[in-house]
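Please look over the model shown here before reading the points that follow. They are meant for a colleague who has not met this structure before.

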Amino acid sequence: MKTIGICADHAGFELKNFVIKWLTENNMPFKDFGTYSPESVDYPDFAHQLAEAIETGEVYPGIAICGSGNGIQMTLNKHQQIRAALCWREDIAELARQHNDANVLVMPGRFITNSEAEKVLKKFFSTSFEGGRHERRVAKIPIK
């Protein structure tokens with residue numbers, strides 16, 4: 001298994017700590033790109049680091065968390081090789097992997113419980129990309 005990249009801003013810091021605990025308990029190696037405290041920070045600073053690490057192959061896949069999940073997801077998706085999916089339910093995480101080959105799981109730190117996040121994590125990591133008709137669609141995502 002490759003090393004999983006993880007990052008969050010201050011609003012996602014608490015959930016990031018829960019996710020790190022979950023990854024550790026499940027023997028899943030990870031690299032933490034920050035933030036390392038609940039002090040106010042700018043999510044793009046951490047999202048860009050995670051995206052670049054995925055693009056270079058240093059980590060795969062990624063997990064990112066901010067308050068709503070939207071800002072960090074928007075930033076991640078500026079990178080051409082990133083397919084960051086905002087997931088707050090396990091069925092959304094499953095479809096993000098099956099149909100979109102999502103390579104970053106984004107969660108909304110202010111709007112998801114640890115119990116819900118655990119279900120989303122399990123589904124994201126246990127679901128594979130279906131390929132087939134979805135492959136051509138995913139291939140059309142990057143701007144060439």
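The numbered points below deal with the basis of the model, its salt bridges, a charged patch and one further residue.

1. This is a predicted model, in which local features need pLDDT of at least 70 and side-chain atom pairs count only at pLDDT 80 or more, while totals for chains, interfaces and linings use all residues. Residues are numbered from 1 along each chain as its sequence is written, and side-chain values use heavy atoms, with hydrogens and water left out.

2. Side chains of opposite charge can pair when their charged atoms come close. A search of the whole structure finds 7 salt bridges, a salt bridge being a side-chain nitrogen of Lys or Arg within 4 Å of a carboxyl oxygen of Asp or Glu.

3. One salt bridge joins the side chains of K21 and E25, at 3.1 Å from N to O. Both residues belong to helix α1 (residues 13–25), where they are 4 residues apart, or about one turn of the helix; helices here are DSSP runs of H or I with at least four residues, strands are runs of E with at least two, and both are numbered from the N terminus. K21 and E25 are both exposed, on a scale where buried means under 20% relative accessible area, exposed over 50%, and partly exposed in between (1.4 Å probe, protein chains only).

4. Another salt bridge links the side chains of R83 and D101, with 3.2 Å from N to O. Because R83 sits in the loop between α3 (70–76) and β4 (84–86), and D101 in the loop between α4 (90–100) and β5 (104–108), the pair ties together parts that are 18 residues apart in sequence. Both R83 and D101 are buried.

5. R89 and D91 also form a salt bridge, and their closest N and O atoms are 2.5 Å apart. Salt bridges that share partners join R83, R97 and D101 into one network.

6. A patch of positive charge on the surface gathers R133, R136, R137 and K140; patches are made of residues with over 30% relative accessible area and no salt bridge, and like charges are joined within 9 Å. R137 has its place in helix α6 (residues 133–139), and R137 counts as partly exposed because its relative accessibility is 42%.

7. E52 lies in helix α2 (residues 43–56) and counts as partly exposed, at 44% relative accessibility. The C-alpha atoms of E52 and H79 are separated by 8.0 Å, although these two residues are 27 residues apart along the chain.

Definitions and conventions
Patches are made of residues with over 30% relative accessible area and no salt bridge: like charges are joined within 9 Å, nonpolar side chains (Val, Leu, Ile, Met, Phe, Trp, Tyr) within 5 Å. Accessible areas come from the Shrake-Rupley method with a 1.4 Å probe; for residues, only the protein chains shown count as cover. Lys and Arg count as positive and Asp and Glu as negative; His and the chain ends are not counted. The place of a charge is taken as NZ of Lys, CZ of Arg, CG of Asp or CD of Glu.
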